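Welcome! Here is a friendly first tour of a structure you may not have seen before. Please take a look at the sequence and the 3D view, and then read on.

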2 protein chains.
Amino acid sequence: MIRKHTDRTYEAELQQLRERILLMAGTVEEMIARSVRALVDGDAELARRTIEIDGKVNLLERETDELCLLILAKRQPLGSDLRFITLALKMVTDLERIGDLAVNICERAIDLSQGPRFDSFADITRMAEIAQQMVTHAIDAFVRGDADRAQQVLDRDDELDELYHHVFRQILAQMLADPSLVERGIHVQSVAKVLERIGDHGTNLAEAVVFMVNGTDIRHQGKLDSI
Amino acid sequence: MIRKHTDRTYEAELQQLRERILLMAGTVEEMIARSVRALVDGDAELARRTIEIDGKVNLLERETDELCLLILAKRQPLGSDLRFITLALKMVTDLERIGDLAVNICERAIDLSQGPRFDSFADITRMAEIAQQMVTHAIDAFVRGDADRAQQVLDRDDELDELYHHVFRQILAQMLADPSLVERGIHVQSVAKVLERIGDHGTNLAEAVVFMVNGTDIRHQGKLDSI
């Protein structure tokens, strides 16, 4: 399908969709960073303020869904535009879940705000940085339709998994050395697990981009000629 | 939008989509049941066979996505049909993730297949039953467009959360009484957490159905008149 470049309203709608997704991604990235800072600094107040942001993310999800439906209904796009919009629908779901996961970290940060720190906090901060970058780069790849950039995101997931296993071993050792740390240790371990899951969502986002770009290639090879 | 009832091919495509989603849901429900049976019975072989099913789920996801795209492109549906298909796209994502989570339980089942059982296995079996029913009923509500049935799913999530907290306390007590159980205990706790997350996906599925039905109502009230 060749888009009519004279149709400025349609272009504006697609641009609005891209911007909405970038805004949503920026918001959840900020939530990840704040949630882990709240954990590491033992800052329950920051955790509570970060939880409040989630309402905005949920609203953005609903608005973006509606925008996608509106474009589908009004414009009835085909080919790569159709693929872009249907993947946008899936991606906002991933972004919304990432917001929920950041809330999850905030809740653990509140539980853990009193009491001793864990040796693993440095690695957890590192995990948060990687998870956040995975989301940033996947969304960046999505709005540019850049499969190579998406592939780089996929490569980082292993790094995150390795860090998770390292943190797991570290916390286990601390718990075995001092069983009074078991309950708190499980909470710290679950934060690491949540960051690994955020990385999985980053992977999902990146895979969606690769599929979007490759899907277009397949279409060009005639596989979806019936569309 | 009033569907032309003479268009049998279109009806057949929508029916095919419903059946594909039912098949995918049935497959992941089976995976949940088997993964927990493998854990409780210490049956590593059953866990390995269950992991193999996940490839089928991934394939079903891709095929269902393609079917949705095909219907959108060929039929350019509006109103409730458009909403149905765009939500189908989101729901297959949830179902695919549930399959991944069942694989996660299988991996823990293999780790735990040798060694002592935990007191919590009865509650974990109960959690699996609830999580599985939530998925079944949410999908059932989806194909029937039944918001009341979807609401019932939402009500069950609290029950699952309570059971999770009970299991968490129980395992913590066992670990504190016998620190040699800490590592295995964390694995059992993570299975309970995974079942809680499957429940969250059931909740997402059910919320999507409520949105689909209510969205239709909103549209009738003129909010989406621009479509």
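What follows is a short report on how the two chains meet, and then on a few residues worth finding in the view.

**Where the chains meet**

Please keep in mind that this is a predicted model. A good place to begin is the interface, where 37 residues of chain A are in contact with 37 residues of chain B. How is the size of such a surface expressed? It is often given as the accessible area that is lost when the parts come together. Here, the area buried between chain A and chain B is about 3,500 Å², with carbon and sulfur atoms giving 64% of it.

Charged and polar groups also pair up across this boundary. Between chain A and chain B there are 10 salt bridges, and the count of residue pairs in polar contact, both at pLDDT 80 or more, is 12. Which parts of chain A supply the side that touches chain B? Helix 2 (44–75), helix 3 (79–111), helix 5 (147–177) and helix 6 (182–220) of chain A each supply at least two residues. Sorted by class, that side of chain A has 18 nonpolar, eight polar and 11 charged residues.

**A corner around K90(A), E61(B) and T93(B)**

To see one spot of the interface in detail, find K90(A), which forms a salt bridge with E61(B). The closest N and O atoms of this pair are 4.0 Å apart. T93(B) belongs to the picture too: leaving out residues up to four places away in sequence, T93(B) touches K90(A) and E61(B). T93(B) lies in helix 3 (residues 79–111) of chain B. Is T93(B) buried or exposed? With a relative accessible area of 7%, T93(B) is buried, because the limit for that word is under 20%. Its side chain reaches the backbone oxygen of L89(B) at 3.2 Å.

**Q189(B), with neighbours in both chains**

Another residue to look up is Q189(B), in helix 6 (residues 182–220) of chain B. Q189(B) counts as buried, at 4% relative accessibility. Which residues does Q189(B) contact, leaving aside its neighbours within four places in sequence? They are I186(A) and Q189(A) from chain A, together with Y164(B), F168(B) and I171(B) from chain B. With Y164(B), the link is also a polar contact between the two side chains, at 2.9 Å.

**Salt bridges through the structure**

Over all chains, the structure holds 38 salt bridges. The table gives some examples.

| Residue pair | N to O distance |
|---|---|
| E45(A) and R48(A) | 3.9 Å |
| R97(A) and E96(A) | 3.7 Å |
| R97(B) and E96(B) | 3.7 Å |

How far apart along helix 2 of chain A are E45(A) and R48(A)? They are three residues apart, so about one helical turn separates them. E45(A) is partly exposed, with a relative accessible area of 43%, and R48(A) counts as partly exposed at 42%.

The other pairs in the table have buried members. In chain A, R97(A) is buried at 11% relative accessibility and E96(A) is buried at 10%. In chain B, R97(B) is buried at 11%, while E96(B) is buried with a relative accessible area of 9%.

Salt bridges can also join up into a network. In chain A, such a network links R126(A), E129(A), R156(A) and E159(A).

**T136(B) and a partner far back in the sequence**

In helix 4 (residues 121–144) of chain B you will find T136(B). T136(B) is partly exposed, with a relative accessible area of 30%. How many residues lie between the positions of T136(B) and V28(B), counted as their separation in sequence? They are 108 residues apart in sequence, and their C-alpha atoms are 9.7 Å apart in space. T136(B) also has a polar contact of 3.3 Å with E29(B), side chain to side chain.

**The cysteines**

To finish, look at the cysteines. How many disulfides does a search of the whole structure find? Over all chains, the number is zero. For C68(A), the nearest cysteine sulfur is that of C68(B), 14 Å away. A disulfide would need the two sulfur atoms within 2.5 Å, so C68(A) is in none. Both C68(A) and C106(A) are buried, each with a relative accessible area of 0%.

Key
Residues are numbered from 1 along each chain as its sequence is written. Chains are lettered from A and ligands numbered from 1 in the order in which they are written. This is a predicted model: local features need pLDDT of at least 70, side-chain atom pairs count only at pLDDT 80 or more; totals for chains, interfaces and linings use all residues. Side-chain values use heavy atoms; hydrogens and water are left out. Contact means heavy atoms within 4.5 Å. Buried area is the accessible area (1.4 Å probe) that two parts lose on being put together, summed over both. A salt bridge is a side-chain nitrogen of Lys or Arg within 4 Å of a carboxyl oxygen of Asp or Glu. A polar contact is a pair of N or O atoms within 3.5 Å; within protein, one must be able to donate a hydrogen and the other to accept it, and residues adjacent in sequence count only if both atoms are side-chain atoms. Helices (H or I, at least four residues) and strands (E, at least two) are DSSP runs, numbered from the N terminus. Ala, Val, Leu, Ile, Met, Phe, Trp, Tyr, Cys and Pro count as nonpolar, Asp, Glu, Lys and Arg as charged, and the others, Gly among them, as polar. Buried means under 20% relative accessible area, exposed over 50%, partly exposed in between (1.4 Å probe, protein chains only).
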